[in-house]
Amino acid sequence: MTTLRARIAGVGFWASGLPSWEAARDYVHDGRLPEGAPRRPSPELLAPNERRRAPESVAVALEVALAATRASGHDPATLASIFASGHGDFAITGYMCETLASDPRAISPIRFHNSVHNAAAGYWTIGAGCTATTTAISAGPGTFAQGLLEALAQLATGTPAVLLVAYDVESSGLLGTLTPSADLLGGALVLTSAADGSGALLRASPSAAGTAQPAPGPLAQRLHGNAMAPMLPLFDALAAGAGRVMLDAGAAQALEVELEAMHV
């Protein structure tokens, strides 16, 4: 069985009620929620007028991406990136489908612009001035695990550092019946070579689904309604300091992940 390794150089996190990685770690350790948490992120990477207009999916993706890169000390302009999301922006995708079915000429050009699955990746590369490669991944419940596998594969083939960003927003209407999702959730990791010598060590091995999963941690319990919830066991383990988790990789497959030396 192939085992892929990496170091976690930086972490970013944003969820409804938990607007930072520090808040998420505090919640895991003592159940404390910060007071006055904002309803949505306001990513510094965008100009003030763009922050107000950007879809929630873009806002949460950029917020966690910038937080992870700052924590890692890497220049965001130099990082290869992977953006993983089930449907990009549920609200815009739902609007597009309904409007195309009922009144195609009424499609909003701005919403059409933001309907593409890689919209957040585009905003990131422009805002960060990044010309490194970027990838957008969608794989249903296995989206986060597949994004992590892609990041580890890039590291294994010589990329020095990779930014992995995973996010999903609330769904409604017919699309919500296909993929239920509640509130906002985003997480980001800056991954570097295992030989780097700094950061938490991550080992990952693909396997068949069905291996017993540890009891869900505090983040997984609180935020289980979001479509990106399959990433939460890893972030619970990160916040706790170490652990072993099984991530849903789709198609009856899993990704077994072990974490050690947690100092992130």
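In this predicted model, Arg7 is in contact with a run of residues that are distant from it in sequence, among them Val190, Leu191, Thr192, Ser193, Ala194, Asp196 and Gly197, when neighbours within four places are left aside. The contacts of Arg7 also include Ser198, Gly199, Ala200 and Leu201. Arg7 has its place in strand 1, and that strand, residues 4-15, pairs with strand 5 in the antiparallel sense over eight bridges. The points below begin with Arg7 and strand 5, and then turn to the nonpolar cores, to Ser171 and to the charged side chains.

**Arg7, a buried charge**

- Although Arg7 is buried, it has no salt bridge, and the nearest side chain of opposite charge, that of Glu260, is 6.3 Å away.
- A salt bridge would need a side-chain nitrogen within 4 Å of a carboxyl oxygen, so the 6.3 Å between Arg7 and Glu260 does not qualify.
- A polar atom of the Arg7 side chain does lie 3.2 Å from the backbone oxygen of Ala194, and Ala194 is also one of the residues in contact with Arg7.

**Strand 5 and its partners**

- Strand 5, which covers residues 185-192, is mostly covered, with eight of its eight residues buried.
- On one side of strand 5 the buried residues are Leu185, Gly187, Leu189 and Leu191, while on the other side they are Gly186, Ala188, Val190 and Thr192, and both faces are therefore covered.
- In a regular strand, side chains alternate between the two faces of the sheet.
- Strand 5 pairs with strand 1 in the antiparallel sense over eight bridges, and within this pairing Gly10 has Val190 as its bridge partner in strand 5.
- Strand 4 also pairs with strand 5 in the antiparallel sense, again over eight bridges, and here the bridge partner of Ala166 in strand 5 is Gly187.

**Nonpolar cores**

- The largest nonpolar core has 49 residues, and those with the most contacts inside it are Phe13, Phe144, Phe235 and Val257.
- Helix 7, residues 143-156, gives the most to this core, with seven residues.
- Apart from this core lies another, of 32 residues, which includes Leu46, Ala120, Ala161 and Ala188.
- Phe144 touches Leu164, Ala166, Leu189, Met228, Met231, Leu234, Phe235 and Leu247, when residues up to four places away in sequence are not counted.
- In soluble globular proteins, nonpolar side chains tend to be buried together.

**Ser171 in its loop**

- Ser171 lies in the loop between strand 4 (161-168) and helix 8 (173-178), and because its relative accessible area is 10%, Ser171 counts as buried.
- The side chain of Ser171 has a polar atom 2.9 Å from the backbone oxygen of Thr179, and a polar atom of this side chain also lies 2.9 Å from the backbone nitrogen of Ser181.
- Beyond its neighbours within four places in sequence, Ser171 is in contact with Phe90, Gly176, Thr179, Pro180 and Ser181.

**Salt bridges**

- The structure holds seven salt bridges, and three of them are described here, together with a network.
- Side chains of opposite charge can pair when their charged atoms come close.
- Glu44 and Arg70 meet through their side chains in a salt bridge of 3.0 Å, N to O.
- Because Glu44 lies in the loop between helix 1 and helix 2 (48-53) and Arg70 lies in helix 3 (residues 56-72), this pair ties together parts that are 26 residues apart in sequence.
- Glu44 counts as exposed at 51% relative accessibility, and Arg70 likewise counts as exposed at 53%.
- Arg53 and Glu50 form a salt bridge of 2.7 Å, N to O, and both residues lie in helix 2, three residues apart, which is about one turn of the helix.
- Arg53 counts as exposed at 52% relative accessibility, whereas Glu50 counts as partly exposed at 26%.
- Salt bridges with shared partners join Asp26, Asp30 and Arg32 into one network.
- Within that network, the closest N and O atoms of Asp30 and Arg32 are 3.5 Å apart, and both residues count as partly exposed, with 47% for Asp30 and 47% for Arg32.

Methods
Residues numbered from 1 in each chain as written. Predicted model: local features only at pLDDT ≥ 70, side-chain atom pairs only at ≥ 80, totals over all residues. Heavy atoms only, no water. Core = buried A, V, L, I, M, F, W, Y, C linked by side-chain atoms within 4.5 Å. Buried < 20%, exposed > 50% of the residue type's maximum accessible area, 1.4 Å probe, protein only. Helix = DSSP H or I, 4+ residues; strand = E, 2+ residues; numbered from the N terminus. Contact = heavy atoms within 4.5 Å. Polar contact = N/O pair within 3.5 Å; in protein donor to acceptor, adjacent residues only side chain to side chain. Pairing = 2+ DSSP bridges. Lys, Arg positive; Asp, Glu negative; His and termini not counted.
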